[in-house]
Amino acid sequence: HEMLSIDDLEDDMKELCENLVLNKSEDATEEMLKRTAYERACIDAKKKGLPLPRKPRGKPVKRPRLLFDYDKVEPQPAIEPPLPSSYAAQNHIPNPYRNSLCTHEKIMEIRAKATNPNRDSLNIDYAQEESLYPESFPYFVRGRDSMRRYITSLFTSQIAIYDGAMGTMIQNYAKKNKLEEEEYRGARFKDWSCNVKGNNDMLSITQPAVIQDIYRQYLEIGGSNLIGTNTFSSTTIAMADYEMEDYVYELNYEGARLAREVCDEVTARDPSKPRFVVGAIGPTNRTGSISPSVEDPAARNVTFDELVETYFEQIVGLVDGGADILMVETIFDTLNAKAALYAVGEYLECTGLDIPVFVSGTLVDQSGRTLSGQTGEAFYASIRHAKPMCVGLNCALGAIHMRPFVERLSRVVECFMHVYSNAGLPNAMGGYDDTPEDMARENRVFFENGWLNMVGGCCGSTPPHIKAIAEVAKEYAPRKLPDIGRPKMWLSGLEDLVVEDVHNHLGLPFLNVGERCNISGSIKFKKLMMAGDYSSAMDIAKKQVEDGAHVIDINVDDGLLDGLAAMQKFVKIAVTEPEVAKVPFMLDASKFEIVLAGLKWCQGKPIVNSISLKVGEQLFKEQATLLKKHGAAVVVMAFDEKGQAATEEEKVRICKRSYDILVNEVKFPPEDIVFDPNVLTIGTGMEEHANYGVDFIKATKTIKEQCPYVKVSGGISNLSFGFRGVTKIRESIHAVFLHHAILESGMDVGIVNAHEMLSIDDLEDDMKELCENLVLNKSEDATEEMLKRTAYERACIDAKKKGLPLPRKPRGKPVKRPRLLFDYDKVEPQPAIEPPLPSSYAAQNHIPNPYRNSLCTHEKIMEIRAKATNPNRDSLNIDYAQEESLYPESFPYFVRGRDSMRRYITSLFTSQIAIYDGAMGTMIQNYAKKNKLEEEEYRGERFKDWSCNVKG
């Protein structure tokens with residue numbers, strides 16, 4: 001009874017079943033479950049007499065993205081990792097290692113607080129004689145050679161060796177030697193106010209020989225090319241546990257100085273293998289992205305600015321102590337890392353130096369995510385703006401557990417890659433059981449696959465472990481840098497997203513930015529924000545992601561709301577909600593300080609909306625520079641000092657000017673620029689608004705052509721604002737607009753309500769035509785016709801609410817049917833040689849007028865002549881023929897009676913613009929002004945006794 005023939009199935013149902021039964025698609029089950037839920041909802045709706053739900057769209061066909069010339073460039077081999085934009089980095093200027101010349105006030109303030117006993121005579125310069133060692137690789141002389149160039153040569157010629165665990169080595173030392181509270185304190189801190197045992201970084205001050213010996217073992221036994229400083233916790237934040245905040249500069253200085261001395265000592269024995277000091281910058285014991293309170297997801301125990309300040313102080317100490325490289329490591333919260341990298345950037349800007357930066361993340365378990373929830377790819381996308389020279393993973397896992405995550409990261413990282421894993425997972429006692437042979441074996445897979453340029457060890461590893469790994473590593477070539485292709489916008493929340501690779505739920509190459517967490521875009525959201533109901537506001541954000549938003553727009557602009565506080569609270573809560581935070585954010589505000597405050601709570605890479613030249617060039621550049629330092633992408637509005645761009649020409653002009661300033665002066669990555677050329681309202685009835693849609697679409701293509709790699713966006717709801725209240729009309733207009741703007745002009749991004757979006761293929765033919773006429777300004781009555789359709793759709797809504805029959809649909813503009821054509825309708829037009837001829841024999845044959853009117857004796861003519869009043873009526877001359885030989889025969893000559901007047905006029909009028917006379921009346925009036933011309937002159941002698949006045 002229930003059986004169906006395959007021919008009974010709808011096409012989409014047939015396709016779903018084919019995919020499921022024949023296992024044609026990985027997501028066949030998921031798609032069928034969606035359809036099942038829809039069919040179940042239809043059954044329930046029919047039972048309850050409710051409208052049927054919207055049918056699931058199914059898997060869309062992906063439309064191709066419009067490509068420009070710069071999209072077609074072939075990738076080129078990379079010769080080094082991406083360079084920071086500073087002059088020193090771009091030009092590979094060697095670090096002079098003369099830190100005493102770095103006298104920026106922020107640096108001097110930190111040095112002034114230094115606790116080193118010999119503070120006034122500290123050596124902070126490490127330049128070497130240029131002739132100390134030979135000039136070419138593998139030799140290196142500080143102050144002469146570029147560290148950036150050296151690392152590139154080293155990492156492309158071999159797998160470099162990093163060191164192992166400092167903490168493990170200190171624990172091992174303590175097993176054989178006394179290392180208790182007393183030894184941690186040393187003589188200098190014997191009366192310290194709290195226990196300090198466990199503060200390993202302190203040993204650089206109180207037990208320098210122990211720390212130097214560990215450094216030396218990694219260099220001599222392990223064979224390390226680079227060693228990390230004993231400064232993992234040397235920040236004011238971490239040192240607060242030991243009440244040693246004031247000693248941060250000294251801890252970093254000594255940790256780096258001791259490493260510098262040992263590296264120089266070992267290098268001097270074999271200058272062909274120089275050893276380098278990596279300034280270790282740990283994560284601190286606080287996190288910017290995670291609330292310390294279960295009850296309050298918006299609570300935090302540290303701010304971005306506090307992290308930047310503490311990291312800056314650490315960096316000054318490390319570099320003054322002789323560090324060659326800076327390593328932000330063991331990142332469990334990317335926001336902390338972004339603060340550290342911001343501080344590094346500030347230091348390099350203050351000093352003008354080029355110091356390579358390494359970054360190392362920590363994925364806490366087999367989920368492959370950081371403690372704050374990011375995937376490895378999202379972590380990299382969040383920090384790549386800092387242009388690290390090497391990126392990788394360390395800690396938390398053993399090498400065998402890291403494999404899938406290292407592989408995934410290796411596919412996307414544009415710079416060098418490293419791993420320094422733990423010696424397996426911790427045992428029940430918190431120790432590590434992997435032997436040197438175990439670690440070497442488990443790291444081999446990284447080398448075999450060409451995933452690494454540097455390798456070392458973390459917790460549980462020792463110099464013998466590093467030596468064993470190095471022995472295996474030397475058998476393999478290092479990872480090749482990936483080829484350089486066209487740059488792409490790479491955003492991140494908890495997961496990463498490459499904008500150029502996105503297709504939305506309609507199959508369009510388009511980034512859906514959800515508009516519903518915008519006070520001006522959602523009344524419901526506004527009410528929740530005004531009531532302080534952030535929990536319910538998060539539900540709106542989650543729903544947008546479910547409905548197809550790739551990015552969430554967050555805007556809390558309202559005169560009755562503290563925008564600064566609201567933005568920060570919303571973002572702090574949102575980043576703790578996995579279903580919201582997995583997508584990137586668009587931080588949207590009319591005040592720059594509000595978006596900047598929100599930006600400081602985003603661990604991912606967001607978009608900031610917006611900046612513009614409206615504030616003037618100088619402030620525009622300052623704002624853009626700040627956003628570049630934070631790694632945000634930016635929306636740039638088509639505004640300047642004169643106002644908003646409305647026409648195509650103005651949109652292009654302002655965007656091109658903005659692009660040139662951002663790319664050439666600020667050095668802003670062009671792929672991270674999103675232009676908003678202003679989507680303005682059409683269908684208002686005002687003639688000057690009718691072409692706004694066309695202007696935007698045309699400007700989009702020109703902007704994309706003239707400004708390589710940028711994106712073009714807009715607030716799509718603005719377009720149909722005049723039709724608010726009827727969603728079907730508005731979304732139909734949007735569907736047509738986006739179809740043309742995306743596929744024909746290359747629009748990439750838009751702020752939309754993803755749930756309501758329609759495909760152009762969803763539109764009825766008559767609705768599509770109405771929208772095309774309105775959006776593309778094809779018809780003068782487009783607005784009038786759309787208003788009629790809007791009234792009908794509104795009437796339908798009311799009828800449905802009241803249970804009444806639907807009204808009659810307006811006929812709209814009729815389709816003109818083609819006329820039946822015959823053969824003679826298909827004759828091609830021919831050039832005209834003269835005007836159409838009357839049908840008379842004389843006209844048809846161009847017979848000249850003989851000008852012998854006396855021969856015209858028709859009775860009607862003769863009757864008129866008989867009534868003539870001419871005094872000499874019987875002798876009137878009415879013939880005007882001329883002698884045929886009077887003038888030459890060809891044009892421009894003319895003889896009456898010989899030549900055709902019709903032919904002559906044709907020749908005259910086709911060879912020149914002929915001249916006619918002027919006003920007779922005017923000339924008579926002019927005569928009368930100079931001569932007597934009154935009633936008497938009008939009558940003359942003949943009519944002097946006329947019965948009425950004749951003047952005029």
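I count a residue as buried when its relative accessible area is under 20%. By that cut-off Arg 35 is buried, because its relative accessibility is 3%. The model I am reading is a predicted one.

**Entry 1: salt bridges**

I started with Arg 35 and looked up its partner. Arg 35 forms a salt bridge with Asp 12, and their closest N and O atoms are 3.0 Å apart. I placed Asp 12 in helix H1 (residues 11–21) and Arg 35 in helix H2 (residues 28–48), so the pair links distant parts of the chain, 23 residues apart. Asp 12 is partly exposed, at a relative accessible area of 28%.

I then went to Glu 250, whose side chain meets that of Arg 188 in a salt bridge at 2.4 Å, N to O. Glu 250 sits in helix H11 (residues 248–269), while Arg 188 is in the loop between helix H7 (181–185) and helix H8 (203–206), so the bridge ties together parts that are 62 residues apart in sequence. Here the acid is the buried partner: Glu 250 has 2% relative accessibility, whereas Arg 188 is partly exposed at 37%.

The third pair I checked was Asp 558 with Lys 526, with 3.4 Å between the closest N and O atoms. Asp 558 lies in the loop between S12 and helix H20 (563–574), and Lys 526 lies in helix H18 (residues 523–531), 32 residues apart. I noted Lys 526 as partly exposed, at 34%.

I also found a network in which salt bridges with shared partners join Lys 728, Glu 764, Asp 766, Arg 789, Glu 793 and Lys 809. The count of salt bridges comes to 70.

**Entry 2: the parallel sheet**

I traced an open sheet of 8 strands with parallel pairing, in the order S19-S18-S15-S14-S13-S12-S11-S20. S19 (711–712) and S20 (749–752) each have a single partner strand, so one side of each is left without a neighbour in the sheet. Within the sheet I looked at S11 (residues 511–514) and S12 (residues 551–555), which pair over 2 bridges. One residue I followed was Gly 514, whose bridge partner in S12 is Ile 552.

Next I looked at helices over the sheet. H23 (residues 617–630) lies across S14 (607–611) and S15 (633–637), and runs at about 175° to S14. H24 (residues 648–666) lies across S15 and S18 (673–676), and runs at about 160° to S18.

**Entry 3: nonpolar cores**

The largest nonpolar core has 230 residues, and I noted Leu 226 and Phe 737 as the members touching the most others. Beyond its neighbours within four places in sequence, Leu 226 contacts residues including Ile 151, Phe 155, Phe 276, Val 278, Phe 358 and Met 454. I recorded a second, separate core of 17 residues, with Val 502, Leu 511, Val 551 and Val 635 among them.

**Entry 4: backbone oddities**

I found a cis peptide bond between Phe 137 and Pro 138, with omega about 15°. Pro 138 is in the loop between helix H4 (105–112) and helix H5 (147–157). The bond from Asn 609 to Ser 610 is also cis, with omega near 20°, and Ser 610 is in strand S14.

For positive phi outside glycine, I listed Asn 23 at about 50° and Tyr 709 near 80°. Asn 23 is in the loop between H1 and H2 and is exposed at 64% relative accessibility. Tyr 709 is in the loop between helix H25 (692–706) and S19, and counts as buried at 19%.

Technical notes: Residues are numbered from 1 along each chain as its sequence is written. Side-chain values use heavy atoms; hydrogens and water are left out. Two strands pair if DSSP finds at least two bridges between them. Helices (H or I, at least four residues) and strands (E, at least two) are DSSP runs, numbered from the N terminus. Contact means heavy atoms within 4.5 Å. Axes are lines fitted to C-alpha atoms, for helices over the stretch in contact, and angles run from 0 to 180 degrees between N-to-C directions. A nonpolar core is a set of buried Ala, Val, Leu, Ile, Met, Phe, Trp, Tyr and Cys residues joined through side-chain atoms within 4.5 Å. Buried means under 20% relative accessible area, exposed over 50%, partly exposed in between (1.4 Å probe, protein chains only). A salt bridge is a side-chain nitrogen of Lys or Arg within 4 Å of a carboxyl oxygen of Asp or Glu.
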